[in-house]
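Reader: I should be grateful for a close look at the ionic side-chain pairs of this model, together with the setting in which they are placed. Please give the criteria behind each term as it arises.

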Amino acid sequence: MTLAPLPRLIVEPLVRNALAEDLGLAGDVTATAVIPAEHRSRVAMVTRQPGVVAGLDASELAFQLVDPAIAMTRHVPDGTKVEAGDVIATIEGPSRGLLTAERTALNFLGHLSGIASVTASIVEAIAGTKASIVCTRKTTPGLRALEKYAVRAGGGINHRFALYDAVLIKDNHVAIAGGITEAIRRAKAGVGHMVKIEVEVDTLAQLREAMQEGVDAVLLDNMTPDQLREAVDIVGGGAITEASGRITPATAAAIAASGVDLISIGWLTHSAPTLDIGLDWRAAA
């Protein structure tokens, strides 16, 4: 699957906000005081640990928005597996701008590469099954587009992006509506024919009820692999099956072997550790 880049009009405002947070009203007082305005440098982005790269567009924009005279040469594209010590990119230009943009650029690159890396590890754990790894809406406020992109860079796919693009009937919807059947019927009456409907179920009895009403997908929450296998048999190909709930690298393979179509994992975006990437000075340019 080709990894399509995010449009600049989505990425740039996020990078601008991050830079504004760092620069404040006074700018980079350290670089301005210590580094001569005319000084130029060449630096390299180097990995400190193995992982998968994501976020190069945001990283490059951080440098360019600080000083358009900075040029970044990428040595690998997003989605590339790297080892410790690999050079991801080299950057050349005015030293002040390089130092001013450094932390924002590395924050984006490290965070998004961390998401891509843990996603890739889960994708590898379920290799050979038909299941796909998907993310959720448990994202950092304001960074959802970037974080979901990072999941794709790691070999995963995206669940719904927001509340507007699909119906997902969860336990609280069911409780307020008075039951699964009523919730599904209200959803069908309330949305157009192009909007898909998924319902979360905790038991096989709820699953059977949902399937009687006809839905596009079922979210099988906190079920054991044995329960998931039975659930897949009940669905019989009549809807997309999605397993969810406290899934770890150690449990993912058994869950995937149950025959589900999707495995959704919230911690891919809300708890992925940052991939350690540094900016190493190479020489005066």
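Author: Of the chain's 285 residues, 48% count as buried, where buried denotes a relative accessible area under 20%, exposed one over 50%, and partly exposed anything in between, with a 1.4 Å probe and protein chains only. The model is predicted, so local features are reported only at pLDDT of at least 70 and side-chain atom pairs only at pLDDT 80 or more, while totals for chains, interfaces and linings use all residues. Residues are numbered from 1 along each chain as its sequence is written, and side-chain values use heavy atoms, with hydrogens and water left out.

The setting comes first. The chain holds 11 helices and 12 strands; these are DSSP runs numbered from the N terminus, helices being H or I runs of at least four residues and strands E runs of at least two. The C-alpha trace spans about 70 × 40 × 25 Å along its principal axes. The chain exposes about 13600 Å², of which carbon and sulfur atoms supply 55%; accessible areas follow the Shrake-Rupley method with a 1.4 Å probe, and for residues only the protein chains shown count as cover.

An automatic or database assignment sets the domain bounds: domain 1 comprises 6-121 + 271-280, and domain 2 comprises 127-269. The centres of domain 1 and domain 2, taken over C-alpha atoms, are separated by 35 Å. In the contact between them, 20 residues come from domain 1 and 17 residues from domain 2, contact meaning heavy atoms within 4.5 Å. Among contacts in the chain between residues at least 6 apart in sequence, 70% join residues at least 24 apart.

As to charge, the chain carries 25 positive and 32 negative charges, whose mean positions are 2 Å apart. Lys and Arg count as positive and Asp and Glu as negative, without His or the chain ends; each charge is placed at NZ of Lys, CZ of Arg, CG of Asp or CD of Glu.

The ionic pairs themselves can now be taken up. A search of the whole structure finds 11 salt bridges, each defined by a side-chain nitrogen of Lys or Arg within 4 Å of a carboxyl oxygen of Asp or Glu. One of them joins Arg-16 to Glu-12, with the closest N and O atoms 2.8 Å apart. These two residues are four places apart in helix H1 (residues 8-23), so about one helical turn separates them. Such spacing has a general basis: an α-helix has 3.6 residues a turn, so residues three or four places apart point the same way. The partners differ in burial class, since Arg-16 is partly exposed at 45% relative accessible area, whereas Glu-12 counts as buried at 17%. Salt bridges also link Arg-8, Glu-12 and Arg-16 in a network.

Another pair lies within helix H9 (residues 225-235), where Arg-229 and Asp-226 are three residues apart, about one turn of the helix. Their side chains meet in a salt bridge of 2.3 Å, N to O. Arg-229 is partly exposed at 35% relative accessible area, and Asp-226 is exposed at 55%. Ahead of this helix, the loop between strand S9 (217-221) and H9 contains Asn-222, a residue other than glycine whose phi is positive, near 55°. Asn-222 counts as partly exposed at 38% relative accessibility.

A further bridge connects Arg-74 with Asp-57, their closest N and O atoms being 2.5 Å apart. Because Arg-74 belongs to strand S3 (residues 71-74) and Asp-57 to helix H3 (residues 56-66), the pair ties together parts that are 17 residues apart in sequence. Both partners are intermediate in accessibility: Arg-74 is partly exposed at 34%, and Asp-57 is partly exposed at 25%. The buried residues of H3 are Leu-56, Ala-58, Ser-59, Glu-60, Leu-61, Ala-62 and Phe-63. The elements that cover them include S3, together with H1, strand S1 (40-47), strand S5 (87-94), H4 and strand S12 (277-284). Thus H1, which holds Arg-16 and Glu-12, is among the elements covering the buried residues of H3.
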